[in-house]
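Me: I would like to learn how to read salt bridges, burial, contacts and surface patches in a model. Could you take me through them with a worked case?

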Amino acid sequence: MFEAQQADPDKALHLGHAIAKTLEDLGRYEESEKLHLQVLEARRRLLGEDHPLVGDGVGALAAVHHYRGELEEAEELYLESLEILQRA
């Protein structure tokens, strides 16, 4: 999805993240998780594993799991996010 926006991938990823957060706010967690994963995969490819936006993306994914009551998954992702942000 995001590679199609080669003219400005930063804007496309920012927009994708914003839409995923909006879906999350609407309680549409499955859709939000799918989009967060797409954005995260693209950020990892484009920016590298230790970029702050990758850490932010992992944290956003953790929040979706948190809101769904999947606390073990959320905790693992929150810790991964923290580790990435500390390295960045």
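**Reading the features in turn**

Reply: Let us start with one residue: E33 lies in helix α2, which spans residues 29-47. Please keep in mind throughout that this is a predicted model.

Me: Is E33 buried or exposed?

Reply: The general idea is to compare the relative accessible area with a cut-off, and buried means under 20%. E33 has a relative accessibility of 18%, and therefore it counts as buried.

Me: Which residues is E33 in contact with, leaving aside its neighbours within four places in sequence?

Reply: Once those sequence neighbours are set aside, E33 is in contact with L61, V64, H65 and R68. One of these, R68, appears again in the charge pairing, since E33, R68 and E70 are linked in a network of salt bridges.

Me: How should I think about salt bridges in general, and how many does the structure hold?

Reply: Side chains of opposite charge can pair when their charged atoms come close. In this structure there are seven salt bridges, and a few of them can be read one by one.

Me: Where do K21 and E24 lie, and how far apart are the N and O of their salt bridge?

Reply: Both K21 and E24 belong to helix α1, residues 9-25, where three residues, or about one turn of the helix, separate them. Their side chains meet in a salt bridge with an N to O distance of 3.3 Å. The two partners fall into separate burial classes, because K21 is partly exposed at 30% relative accessibility, while E24 is buried with a relative accessible area of 3%.

Me: Which residue forms a salt bridge with R28, and which with R44?

Reply: R28 pairs with E31, and the closest N and O atoms of that salt bridge are 2.7 Å apart. Here R28 is partly exposed, with a relative accessible area of 41%, and E31 is likewise partly exposed, with 38%. R44, for its part, forms a salt bridge with E49, with 2.9 Å between the closest N and O atoms. R44 is partly exposed at a relative accessible area of 27%, and E49 is partly exposed at 35%.

Me: What does a distance in sequence tell me beside a distance in space, for instance for A62 and E76?

Reply: The two numbers are best read side by side, and for A62 and E76 they are 14 residues in sequence and 7.9 Å in space, taken from C-alpha to C-alpha. A62 has its place in helix α3, residues 52-67, whereas E76 has its place in helix α4, residues 71-87. A62 counts as buried because its relative accessibility is 0%, but E76 is exposed, with a relative accessible area of 58%. Apart from residues within four places in sequence, A62 is in contact with A74, L77 and Y78.

Me: What does H17 touch, not counting residues up to four places away in sequence?

Reply: H17, which lies in helix α1, touches H36, V39, R43, D56 and A60 under that condition. H17 counts as buried, because its relative accessibility is 14%. As a further pair of distances, H17 and A42 are 25 residues apart in sequence and 11 Å apart in space between their C-alpha atoms.

Me: Is S81 buried or exposed, and which residues is it in contact with?

Reply: S81, a residue of helix α4, is buried, with a relative accessible area of 8%. With neighbours within four places in sequence left aside, its contacts are G55, V58 and G59.

Me: To finish with the surface, which residues gather in a patch of negative charge, and which form a nonpolar patch?

Reply: The general idea is that a patch takes in residues with over 30% relative accessible area and no salt bridge. The patch of negative charge on the surface gathers E72, E73, E75 and E76. The nonpolar patch on the surface is formed by L46, L47 and L53, which together have about 230 Å² of accessible area. Among them, L47 lies in helix α2 and is partly exposed, with a relative accessible area of 32%.

Definitions and conventions. Residues are numbered from 1 along each chain as its sequence is written. This is a predicted model: local features need pLDDT of at least 70, side-chain atom pairs count only at pLDDT 80 or more; totals for chains, interfaces and linings use all residues. Side-chain values use heavy atoms; hydrogens and water are left out. Patches are made of residues with over 30% relative accessible area and no salt bridge: like charges are joined within 9 Å, nonpolar side chains (Val, Leu, Ile, Met, Phe, Trp, Tyr) within 5 Å. Accessible areas come from the Shrake-Rupley method with a 1.4 Å probe; for residues, only the protein chains shown count as cover. A salt bridge is a side-chain nitrogen of Lys or Arg within 4 Å of a carboxyl oxygen of Asp or Glu. Lys and Arg count as positive and Asp and Glu as negative; His and the chain ends are not counted. The place of a charge is taken as NZ of Lys, CZ of Arg, CG of Asp or CD of Glu. Helices (H or I, at least four residues) and strands (E, at least two) are DSSP runs, numbered from the N terminus. Buried means under 20% relative accessible area, exposed over 50%, partly exposed in between (1.4 Å probe, protein chains only). Contact means heavy atoms within 4.5 Å.
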